[in-house]
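Dear colleague,

I am passing a structure on to you, together with an account of what came out of going through it. Please look at the sequence and the model before reading further.

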Amino acid sequence: MPIARSRFLTIAVAVFVGLGLAWWAATGLGLVKAIFLPSPGSVAMQIAKLAADGTLWLDLKASMYRISIGFLIASALSIPIGVLIGSFRSWEAAIEPLVDFIRYMPVVAFVPLSILWAGTGDSQKFLIIFIGTFFQQVLMIMDNVKRVPADFIGLGRTLGLPDRKILTRIVVPSALPGIWDTLRISLGWAWTWLVLAELVAATSGLGYRITVSQRYFQTNTIIGYILLLGLLGLITDQVMKALEKVLFKQEGRSQ
């Protein structure tokens with residue numbers, strides 16, 4: 001049942017405020033030791049300290065660069081492949097079983113191999129993000145294309161359009177809103193794989209800082225960076241939703 005946007009925002013904000021108050025109460029009353037869960041004030045002070053000395057910005061810059069490049073490479077390849085296997089059975093027979101097979105392989109198992117293949121630089125981070133997102137994207141985009149109504153394609157054939165024009169003028173435009181949703185969802189996964197890539201053989205980044213902080217029991221830094229990752233994911237998700245409303249007004253899609 002739909003509700004007003006103001007009510008939606010009020011409920012969403014209330015949930016965050018409620019969780020924040022519960023956290024503050026649990027640490028303030030001494031129900032949880034600081035080594036396990038530091039207070040909100042301690043986390044805020046530590047993040048402010050890291051921001052002041054430039055550490056936070058260096059980590060953020062490194063992670064944003066890696067996820068941007070890795071995600072763009074995966075998306076640039078998955079979109080045309082997903083469209084092809086969703087449109088032509090011969091392409092689906094050649095590619096879909098292989099992609100379906102690889103996507104069940106755990107990404108974490110590729111971390112040591114990715115270091116052997118690509119070293120410990122940014123290329124290895126790109127590779128992990130690619131492996132974690134590309135294969136899922138391909139199959140989801142294939143499903144987006146298959147949901148295009150058959151009547152649309154039939155109309156194109158009735159008008160005598162060749163397959164290439166049916167694909168570019170009917171199938172792809174009709175599937176674009178669904179493809180955009182796929183990119184938005186898979187961007188959330190990309191953040192997870194970014195952190196995984198930076199947990200091993202990295203010298204900068206949000207995931208790297210979490211690993212270093214773990215060694216020295218700096219729980220306030222760990223919690224702060226985890227919250228920052230959640231905030232970054234939420235921001236990118238909301239930006240994608242906002243762009244969807246602008247790009248696909250004619251679809252009448254609601255969030």
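Among contacts between residues at least 6 apart in sequence, 73% join residues at least 24 apart in the protein chain. Please keep in mind throughout that this is a predicted model. The protein chain has ten helices and zero strands, and its C-alpha trace spans about 75 × 55 × 30 Å along the principal axes. Of the 255 residues in the chain, 38% are buried.

On the interior, the largest nonpolar core holds 26 residues, and those that touch the most other members are Leu187, Trp191, Leu206 and Tyr225. At least two residues of this core come from each of helix 2 (40–52), helix 3 (55–87), helix 8 (163–199), helix 9 (206–215) and helix 10 (219–247). If residues up to four places away in sequence are not counted, Leu187 touches Ile67, Phe71, Thr236 and Met240. There is also a second, separate core of 17 residues, which includes Val99, Ile128, Phe130 and Phe134.

Two buried positions may be worth your attention. Gly205 lies in the loop between helix 8 and helix 9, and with a relative accessible area of 0% it counts as buried, because the cut-off for that class is under 20%. Leaving aside neighbours within four places in sequence, Gly205 is in contact with Asp59, Ala62, Ser63, Arg66 and Glu198. Gly205 and Ser42, by contrast, are 163 residues apart in sequence and 21 Å apart in space, taken from C-alpha to C-alpha. Ser114, placed in helix 5 (residues 111–118), is likewise buried, with a relative accessible area of 0%. Not counting residues up to four places away in sequence, Ser114 touches Gly119, Gln124, Leu127 and Ile128.

As for pockets, the largest has a volume of about 390 Å³. Twelve residues line this pocket, and the closest to its centre are Arg5, Phe8, Leu9, Gln238 and Lys241. Helix 1 (5–28) and helix 10 are the elements that give two or more residues to that lining, with helix 1 giving the most, six residues. Sorted by class, the lining of the largest pocket has seven nonpolar, two polar and three charged residues.

The second largest pocket holds about 250 Å³ of space, and its lining consists of Phe16, Leu19, Gly20, Trp23, Leu227, Gly230, Leu231 and Leu234. Here too, helix 1 and helix 10 are the elements that give two or more residues to the lining. By class, the lining of the second largest pocket has six nonpolar and two polar residues, and no charged residues.

Finally, a word on annotation. The unreviewed UniProt entry places the feature "transmembrane region" at residues 7–26, 67–89, 101–120, 189–210 and 222–240. How much of the chain is helix over residues 101–120, and how much over residues 222–240? Over residues 101–120 the chain is 50% helix and 0% strand, with the end C-alpha atoms 27 Å apart. Over residues 222–240 the chain is 100% helix and 0% strand, and the end C-alpha atoms are 27 Å apart.

With best regards

Notes. Residues are numbered from 1 along each chain as its sequence is written. This is a predicted model: local features need pLDDT of at least 70, side-chain atom pairs count only at pLDDT 80 or more; totals for chains, interfaces and linings use all residues. Side-chain values use heavy atoms; hydrogens and water are left out. A nonpolar core is a set of buried Ala, Val, Leu, Ile, Met, Phe, Trp, Tyr and Cys residues joined through side-chain atoms within 4.5 Å. Buried means under 20% relative accessible area, exposed over 50%, partly exposed in between (1.4 Å probe, protein chains only). Helices (H or I, at least four residues) and strands (E, at least two) are DSSP runs, numbered from the N terminus. Contact means heavy atoms within 4.5 Å. On a 1 Å grid over the protein atoms alone, a cavity is a set of points where a 1.4 Å probe fits but cannot get out, and a pocket is an open set with protein on both sides within 12 Å along at least five of seven lines; lining residues have an atom within 4 Å of a point. Grid points are joined across faces, edges and corners, and a volume is the space filled by probe spheres set on the points. Ala, Val, Leu, Ile, Met, Phe, Trp, Tyr, Cys and Pro count as nonpolar, Asp, Glu, Lys and Arg as charged, and the others, Gly among them, as polar. UniProt positions are given in the numbering used here, feature names are shortened, and annotations may be inferred rather than shown by experiment.
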